[in-house]
Every structure is written in C-alpha cells, then in structure tokens.
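Me: I am new to this structure and would like to understand the reasons behind the words used for it. Could we go through them one at a time?

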Amino acid sequence: MKKDVRQMLNDFMGGLQELSGTNPESVNAFMNLLGTSYAEGALDTKTKELISIGIAAYNRCEYCIVFHVYKALEAGATREQIIEAAMVAVAFGGGPSMAYSVTLLKDSIDEFEKDFK
C-alpha cells in the first residue's frame, strides 16, 4: 500500500508546530540547528539536502525521506540527482535502503516534483 507522502509531510510539519506550543525551547533548538546546518556555506543547500537524502535512505527514516526529498526539490535538485544520492545510500545500506528508495523516495519525487516546475 502506497503511503500518502504529502500527508506525511503535512503531519511532520504540523507535529513540529504542535510540539512547539508545549516545548518551544526544544523545537526552537532543533529548528536553529537545521537552519544553521542547511545555510549556504562551503556546500550549497541543494548539496546538503542530497546528503540528507542519502542519510535518510540509509537510516530508513520515512519522515526524513519525505521531508528531504521535498526540500531537495525546493532547492533545485533534479529527480536524477535525488535518485543518485539514494543509490549512494544503497551502497552502504543494501537491500533495506534500496527498498525505501524504490518505494517511498520514488513516490515522494513523483508527488512533489510538480510543485517546483
């Protein structure tokens, strides 16, 4: 059964917003870490998002895969770049990383790619 990746993205973002109401210091610290980590530097944001896709596929973090595919597309990554980043994860993570790459990651690209055309 396919997962509704748009709903997963919305659930993740909504969960962060809801949790910030009760635990603002923790959520703000996490968001500040993200902001600092993904800021342009020696690597551009797109490259950092592609790295994140590889890590997410390797770790089999479903919400991470969905979120970082969206953010990579938003940063200008192509379908081919996203898949190639995932294939690097497969080199380290084997079959489980491949399983997430050919399902959830592919479905996320299919769903979100049209948002940035």
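Me: Where is isoleucine 83 placed, and why is isoleucine 83 called partly exposed?
Reply: In this predicted model, isoleucine 83 has its place in helix H5. Its relative accessible area is 33%, and because buried means under 20% and exposed means over 50%, a value of 33% falls in between, so isoleucine 83 is called partly exposed.

Me: What makes Ile83 part of a nonpolar surface patch?
Reply: A residue of such a patch needs over 30% relative accessible area, and isoleucine 83 has 33%. The patch, of about 300 Å², is made by Ile83 together with Met87, Met98 and Val102.

Me: How do you know that methionine 98 counts as partly exposed?
Reply: Methionine 98, which is also found in helix H5, has a relative accessibility of 32%, and since the partly exposed class lies between the 20% and 50% limits, that value places methionine 98 in it. Leaving aside neighbours within four places in sequence, methionine 98 is in contact with Met87 and Val90.

Me: Why is serine 97 called buried?
Reply: Serine 97, found in helix H5, has 0% relative accessibility, and because buried means under 20%, serine 97 counts as buried. Not counting residues up to four places away in sequence, serine 97 touches Ala57, Tyr58, Ala89 and Val90.

Me: What makes the approach of the serine 97 side chain to alanine 57 a polar contact?
Reply: The side chain of serine 97 reaches the backbone oxygen of alanine 57 at 3.2 Å, and a polar contact asks for N or O atoms within 3.5 Å, so the distance meets that limit.

Me: Why is the pair of tyrosine 70 and phenylalanine 112 called edge-to-face?
Reply: Ring centres must lie within 6.5 Å to pair, and planes over 60 degrees apart count as edge-to-face. The model has 3 aromatic pairs by this rule; in one of them, tyrosine 70 and phenylalanine 112 are 5.2 Å apart centre to centre with 90 degrees between the planes, so the name edge-to-face applies. Tyrosine 70 lies in helix H4 and phenylalanine 112 in helix H5, so the pair ties together parts that are 42 residues apart in sequence.

Me: How do you know that tyrosine 70 and phenylalanine 116 are edge-to-face as well?
Reply: Their centres are 5.1 Å apart and their planes 65 degrees apart, so with limits of 6.5 Å and 60 degrees the pair is edge-to-face. Ring pairs link Tyr70, Phe112 and Phe116 into a cluster.

How values were computed. Residues are numbered from 1 along each chain as its sequence is written. This is a predicted model: local features need pLDDT of at least 70, side-chain atom pairs count only at pLDDT 80 or more; totals for chains, interfaces and linings use all residues. Side-chain values use heavy atoms; hydrogens and water are left out. Helices (H or I, at least four residues) and strands (E, at least two) are DSSP runs, numbered from the N terminus. Buried means under 20% relative accessible area, exposed over 50%, partly exposed in between (1.4 Å probe, protein chains only). A polar contact is a pair of N or O atoms within 3.5 Å; within protein, one must be able to donate a hydrogen and the other to accept it, and residues adjacent in sequence count only if both atoms are side-chain atoms. Contact means heavy atoms within 4.5 Å. Patches are made of residues with over 30% relative accessible area and no salt bridge: like charges are joined within 9 Å, nonpolar side chains (Val, Leu, Ile, Met, Phe, Trp, Tyr) within 5 Å. Accessible areas come from the Shrake-Rupley method with a 1.4 Å probe; for residues, only the protein chains shown count as cover. A salt bridge is a side-chain nitrogen of Lys or Arg within 4 Å of a carboxyl oxygen of Asp or Glu. Rings of Phe, Tyr and Trp (its six-membered ring) pair if their centres lie within 6.5 Å; planes under 30 degrees apart count as stacked, over 60 as edge-to-face and the rest as tilted.
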